[in-house]
Amino acid sequence: MMAKAIFTREFHWSRPRGLGFGAKAKAEPQSFPRDFIAAAVAAGAATEVPPQRKKTAGDGQNRA
């Protein structure tokens, strides 16, 4: 499952079996696997962006 975060500094992390990820600092949210985002947030390198709610046909609209 993917998650989004804003990275405030460069961050590198590897899963136990050797698959690694890296992110550079950017003001825009970046998508990565949730375990990588969790590790970056725990290390203080990123702030997770809450998922955007998908709008459905009836959301927020008044019906006549």
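Begin by selecting β1, residues 2–7, in this predicted model, and follow how its side chains alternate: Ala3, Ala5 and Phe7 point to one face and are buried, whereas Met2, Lys4 and Ile6 point to the other face and are not buried.

Keep β1 on display and add its partners. β4, residues 30–33, runs antiparallel to β1 and is joined to it by four bridges; if you click on Ala5, the bridge partner to look for in β4 is Gln30. β5, residues 46–49, is likewise antiparallel to β1, with four bridges between them, and here Ile6 of β1 has Thr47 as its bridge partner.

Next, select helix α1, residues 34–42, and colour its buried residues, which are Phe36, Ile37, Ala39 and Ala40. These residues lie on the same side of α1, because they cover an arc of only 160° around the axis. With the strands shown again, you will find the buried residues of α1 packing against β1, β2, β3, β4 and β5. Just past the helix, stop at Gly44, which follows α1 and has a positive phi, near 80°.

Now turn to the largest nonpolar core, which has 13 residues, and select Phe7, Phe11, Phe32, Phe36 and Ile37, the members that touch the most others. β1, β3 and α1 each supply at least two residues of this core, and the largest share, four residues, comes from α1.

Finish on Phe11, whose contacts, leaving aside residues up to four places away in sequence, are Phe21, Gly22, Ala23, Phe36, Ala39, Ala40, Ala43 and Ala45; among them, Phe36, Ala39 and Ala40 are buried residues of α1.

Definitions and conventions:
Residues numbered from 1 in each chain as written. Predicted model: local features only at pLDDT ≥ 70, side-chain atom pairs only at ≥ 80, totals over all residues. Heavy atoms only, no water. Buried < 20%, exposed > 50% of the residue type's maximum accessible area, 1.4 Å probe, protein only. Arc of directions from axis to C-beta. Contact = heavy atoms within 4.5 Å. Pairing = 2+ DSSP bridges. Core = buried A, V, L, I, M, F, W, Y, C linked by side-chain atoms within 4.5 Å.
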